[in-house]
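Trainee: Could we take a close look at a single part of this model, the surroundings of the ligand? Please describe what lines the site and which contacts are made there.

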Amino acid sequence: MTAFDYQGSSARILFGAGARARVLEAVDALGCKRALVLSTPHQAEEASAIASLLADRAAGLFTHATMHTPVEITERAIELMRDLGADCTVAFGGGSTTGLGKAIAFRLDTPQISIPTTYAGSEVTPILGQTQAGRKETVRAASVLPELVIYDPELTLGLPLAMTMTSGLNAMAHAAEALYARDRNPISSLMATEGLRALAEALPRIAGSPRDLSARSDALYGAWLCGTVLGTVGMSLHHKLCHVLGGSFDLPHAETHAIILPQTIAFNAGAAADELRPLSAIFGGASPGTALHAFSVKIGAPTALREIGFREEDIGRAAEIATANPYWNPREVTRADIHALLTAAWRGDAP
Ligand code: NAD
């Protein structure tokens, strides 16, 4: 065993089918009296059901969470919190709604409960991405990490199949990059391996039977582990590249992660062969990149950037932006490398 530096997360996790029924108990445990429930417009009805479970601890609903956490929306939510005398938030939804809860906590330091309904993993990271005047900034702060997370797999039974697969691959990307992170530690590697294993087994089962509660529970368990490692160790090429494609080309988050993952892992496979061995053990195949590509095809996930609106003529500009600021990666990255990688991803070639 080599030397390492390990810091566990302080978040409390309640996991289990029906666990949402404990939301009132969770508000009490945080010493709060009036919770503002947050959601996107699309999930307003389900968020209202959560507010009902809160009974007199529900201060109200704010159902305007949206992608990229715009500061104007955060300010509207804060105004409502003040008007209603709310002292905590309950964020019900995917990474976009979790982002709103985090943005409020960043400004007011109010306690947060998160009830995730996708596999994005934001609920267990101290990272906030927010946009102002079209510019995205990323903040890392302890106040941003939700104090309590309720994982209720029943809430994911209706997550559409396409989003289930891309969101699951988004989670797997956190774990794959955690395996070779420069600041990895034995616990992060254990969690990453177990998260990958759980999702690798669960996603094909869900593809065959979307409302299988046992498979949905395994996938959400995997997503928790993958999100946790995203919050504890540094990410490399894969996450930087997806950040550029999302931020500068407005590509959808989970789909972009799903398409890029086999390509970035193939690119790093030689330089991180030992670290990526758990991935090969789970997926088999000649190399981890090709095995991940075959897995995506098997579960019906998209494999080509051209399928999600990325234009071939933008490859050069994306490669330029992605190499403008240096960052650590197990293998050195040049603009020509990224150009070739994005060309393969645009076509959807097996790496
Ligand atoms: P999302 O939150 O944008 O959700 C997409 C749509 O699906 C929304 O309309 C949402 O209401 C709906 N939805 C969510 N769960 C559903 C369900 N169970 N059934 C039906 N519809 C459902 O998508 P996402 O992929 O979860 O999150 C992406 C965002 O999260 C990005 O902005 C990304 O940057 C951020 N993110 C942040 C971190 C972090 O650590 N800061 C980590 C991962 C993702």
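Mentor: The following account concerns the ligand and the residues around it. This is a predicted model, in which local features need pLDDT of at least 70 and side-chain atom pairs count only at pLDDT 80 or more, while totals for chains, interfaces and linings use all residues. Residues are numbered from 1 along each chain as its sequence is written, and side-chain values use heavy atoms, with hydrogens and water left out.

The ligand lies between two domains, because domain 1 (12-156) and domain 2 (161-347) both give residues to its shell; the domain bounds come from an automatic or database domain assignment. There are 21 residues around the ligand, of which T40, S96, T117, T118 and T125 come nearest (a residue is near if one of its heavy atoms lies within 4 Å of the molecule). By class, the shell holds 7 nonpolar, 12 polar and 2 charged residues, with Gly counted as polar and Asp, Glu, Lys and Arg as charged. Helix α4 (residues 95-108) supplies the largest share of the shell, 3 residues; helices are DSSP runs (H or I) of at least four residues, numbered from the N terminus.

Turning to polar contacts (pairs of N or O atoms within 3.5 Å), a polar side-chain atom of T118 is 2.7 Å from an oxygen atom of the ligand. A polar backbone atom of G95 lies 2.8 Å from a ligand oxygen atom, and a backbone N or O atom of I127 is 2.9 Å from a nitrogen atom of the ligand. On its own, the ligand has 860 Å² of accessible area, and the protein covers 83% of this (Shrake-Rupley method, 1.4 Å probe).

Terms used: Polar contact = N/O pair within 3.5 Å; in protein donor to acceptor, adjacent residues only side chain to side chain. Helix = DSSP H or I, 4+ residues; strand = E, 2+ residues; numbered from the N terminus.
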